[in-house]
Amino acid sequence: MYWDEGYLVLDGLLSPEECDALRDRMSEIIEGMDVPEHCRTQFSTDHDEQLKKQGNADYFITSGDKIRFFFEKGVFDDKGEFIVPREHSLNKIGHALHAYEPLFKAVTHSPKIQNLVKKLGLIAPVILQSMYIFKQPGIGGEVTPHQDATFLYTQPLGRVMGVWIALEDATLENGCLWFIPGSHHDGISRRMVRTPKGSFPLTDFIGREKNYDDKLFVPGPVKKGGAVLIHGEVVHRSAANTSDASRHVYTFHIMESQSTVWSPENWLQPSEELPFPSLYT
């Protein structure tokens, strides 16, 4: 199913209690978060706006080995103070929860995940990144059709898989994933790459996303504790969350490292502090 369709929905990967433990830990992280200065900065001139964009870009491109906060639009006033409760302000937190947060690390390396990946035939899988995605009620925005390999490019292709774990029910109303089954056989049409050192913006796109017929997309609702395995080239999207229920998710990406070249042009790069860790250790 996974290799044929490009994705696989699994029920009951985590227990409700395991889901609640991850959500409780995330609440503690949010309670203690320091809001980065560039997020609070309000711009009054083109130069200020450029500096803010640069700050956002730097913050993102250096987040691969850190735990960092990425906010929804319009959650700060002109003094940089929250105008919504801080727990409703976040779009996501990334990209190294799997390395530095013990509960998230334990889930990522759990025997359940390891056995699943072994069944799919991965020999030397490593963890590339992890994210906690909030999909806030009412303001959690649409994620347009894309392929993960656009951002996480390997040679050969087909070596990256996302593991997307629903910590709450993901429904048609609160923004579950939608897929084009079998679309992982068609390669990719767009890549996000780092630009040469010293230039801005720090990343750019080569090629462009195709236009996809809406009728090709199939929904993948998941109950709390269920998961979706996502092939790096399958086309997927999610609608805006127009409901009054959040859609919290813990997700991480795995790469088969045997006979694989990770592109040095990808935004995400292993660092001395955090080389991509083996899933099986």
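**A walk through the strands, bends and a pocket**

Let's start at H95, which sits in strand 3. A strand here is a DSSP run of E, at least two residues long, numbered from the N terminus. Before going on, a word on what you're looking at: this is a predicted model, in which local features need pLDDT of at least 70, side-chain atom pairs count only at pLDDT 80 or more, and totals for chains, interfaces and linings use all residues. Residues are numbered from 1 along each chain as its sequence is written, and side-chain values use heavy atoms, with hydrogens and water left out.

Back to H95: the peptide bond between G94 and H95 is cis, with omega at about 5 degrees. There's another cis bond further along, from F200 to P201, again with omega near 5 degrees. P201 belongs to the loop that links strand 9 (190-194) and strand 10 (203-207). For context, most residues other than glycine have a negative phi, and most peptide bonds are trans.

What does strand 3 (residues 90-95) pair with? Its partner is strand 2, running antiparallel and joined to strand 3 by 5 bridges; two strands pair if DSSP finds at least two bridges between them. Within this pairing, F69 faces I93 of strand 3. Strand 2 (residues 67-71) is largely enclosed by the rest of the structure, because 4 of its 5 residues are buried. Buried means under 20% relative accessible area, exposed means over 50%, and partly exposed is in between, using a 1.4 Å probe and protein chains only.

Now for an open sheet: it has 4 strands in the order 5-13-8-11, paired antiparallel. Strand 5 (143-146) and strand 11 (218-220) are at the edges with a single partner strand each, so each has one side without a neighbour in the sheet. On average, neighbouring strands of this sheet are turned by 25 degrees against each other, direction ignored. (Those angles are taken between axes, which are lines fitted to C-alpha atoms, and run from 0 to 180 degrees between N-to-C directions.) Strand 8 (residues 177-179) and strand 13 (residues 236-238) are joined over 3 bridges in the antiparallel sense, and L177 has S238 of strand 13 as its bridge partner.

Right before L177 in the numbering comes C176, so what about disulfides? A disulfide is a pair of cysteine sulfur atoms within 2.5 Å, and the structure holds 0 of them. The closest cysteine sulfur to that of C19 is in C176, and it is 17 Å away, too far for a bond. C19 is buried, at 0% relative accessibility, and C176 is buried too, with a relative accessible area of 0%.

Two loop residues have a positive phi without being glycine. K135, in the loop between strand 4 (125-133) and strand 5, has phi near 45 degrees. S259, in the loop between strand 14 (249-256) and strand 15 (261-262), has phi near 55 degrees. Are they buried or exposed? K135 counts as buried at 5% relative accessibility, while S259 counts as exposed at 62%.

Our last stop is the second largest pocket, lined by I61, R194, T195, P196, K197, G198, S199 and L202.

Note on methods:
1 Å grid on protein atoms, 1.4 Å probe; cavity = no way out; pocket = protein on both sides within 12 Å on 5 of 7 lines; lining within 4 Å.
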